[in-house]
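Colleague: I have this model open and would like a close look at a single part of it. Could you pick a strand, then take me through its surroundings step by step?

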Amino acid sequence: MTTTDSQPPLVAILRGLEAERAAEVARVLFDAGFRIVEVPLNRPGAIDGIAAIVRVAPADALVGGGTMLTPADVDAVHAAGGRMMVSPNCNPAVIAQARQRGMFAAPGVATPTEAFAALEAGASVLKLFPAEVIGPAGLKAMASVLPAGTGLWPVGGITPESLAPWVRAGATGFGIGSQLFKPGMALAEIDRMARAFVAAWAATR
C-alpha cells in the first residue's frame with residue numbers, strides 16, 4: 001500500500017473491539033479519514049471483527065490483524081479478508097508468510113538488529129514499538145542507518161500533539177491505540193479523536 005495526503009498513514013488499533021460493533025466503529029473511522037485499521041488478535045472475536053470491517057471498507061482501505069505471532073495467525077487473518085500483518089515483534093517466519101500471501105507486513109522492532117532482520121524478511125514498514133521507550137531521538141538514530149525510504153511507524157502512547165516531533169525525527173506513519181479507541185467508547189468520541197489525529201497529520205505535511 002502506498003499512502004498519500006488523502007490517505008494518511010495512521011493505523012487505528014482497535015484492541016478489544018467487540019465484533020458486533022466492528023462495522024459501525026469502522027465506518028466512523030473511515031468517514032473521519034482513516035484508511036488503515038488493525039484488530040489485534042489477542043482478544044476474543046478479533047477474526048469476526050476483521051471480516052465485518054472488510055465488508056464495509058472503502059476500496060482504498062487496508063484492514064488487517066495485530067499481535068500476529070505465528071504463520072497460522074497470518075492464514076486466519078488472510079482468510080477473513082485481512083491484507084495487513086502487524087506484530088509486536090520481529091519473527092521472520094511470520095513476515096515471510098505474510099508476504100507470501102501478498103499482505104502488507106508491519107512487524108514490531110526496537111533495535112537496529114531487529115530492523116534489518118525485518119527488512120531482510122520482507123517487511124513493508126517497520127513498527128517502532130514501544131515508542132514511549134524508543135522516543136523520537138531513538139527513531140532519528142535508527143533512521144540514520146536504515147536504507148533510505150524505510151517506513152517507520154511509531155506505536156505506543158501516540159497523541160495528536162506528539163505527531164509533529166515524531167515526524168521531524170523521521171516517522172512516516174503511526175499506530176494509534178487507546179487514545180483513539182477503547183471498548184465501549186461512544187461513536188461520537190471515536191469520531192472526535194479520529195478527526196483530531198487526521199488534522200494533526202495534515203498539519204505536519
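Modeller: Gladly; what follows is a walk around strand β2 and its neighbours.

First, some ground rules. This is a predicted model, in which local features need pLDDT of at least 70 and side-chain atom pairs count only at pLDDT 80 or more, while totals for chains, interfaces and linings use all residues. Residues are numbered from 1 along each chain as its sequence is written, and side-chain values use heavy atoms, with hydrogens and water left out.

Strand β2 covers residues 36–40 (helices, H or I of at least four residues, and strands, E of at least two, are DSSP runs numbered from the N terminus). Five of its five residues are buried, so the rest of the structure largely encloses β2. Here buried means under 20% relative accessible area, exposed means over 50%, and partly exposed lies in between, using a 1.4 Å probe and protein chains only. The cover extends to both faces of β2: Ile-36, Glu-38 and Pro-40 are buried on one side, and Val-37 and Val-39 are buried on the other.

Now for the strands beside β2. Strands count as paired if DSSP finds at least two bridges between them. β1 (residues 10–13) runs parallel to β2, and three bridges join the two; within this pairing, Val-11 has Ile-36 as its bridge partner. β2 also pairs with β3 (residues 62–66), again in the parallel sense, over five bridges. In that pairing, Gly-64 of β3 stands opposite Glu-38.

How does the chain get from β2 to β3? It crosses through helix α2 (residues 46–56), and this β-α-β crossover is right-handed. In other words, with the strands pointing away from the viewer, the path from the first strand over the helix to the second runs clockwise. On the way into β2, there is a right-handed β-α-β unit made of β1, helix α1 (residues 22–32) and β2.

Stepping back, β2 belongs to an open sheet of six strands with parallel pairing, in the order β5-β4-β3-β2-β1-β9. At the edges stand β5 (104–106) and β9 (174–176); each has a single partner strand, so one side of each lacks a neighbour in the sheet. From one strand to the next, the twist averages 25°, with axes as lines fitted to C-alpha atoms (for helices, over the stretch in contact) and angles running from 0 to 180 degrees between N-to-C directions. At the β9 end, three bridges join β9 to β1, and the two strands run parallel. Leu-10 stands opposite Phe-174 of β9 there.

Two loops deserve a look as well. Thr-67 is found in the loop between β3 and α3 (71–79). Its phi is near 50°, a positive value in a residue other than glycine, and Thr-67 is buried with a relative accessible area of 16%. Arg-21 lies in the loop between β1 and α1, and Arg-21 is also buried, at 14% relative accessible area. What is Arg-21 in contact with, leaving aside its neighbours within four places in sequence? Its partners are Phe-181, Gly-184, Met-185, Ala-186, Leu-187 and Ile-190, where contact means heavy atoms within 4.5 Å.

To return to the start: β2 has β1 joined to it by three bridges and pairs with β3 over five, with both of its faces covered.
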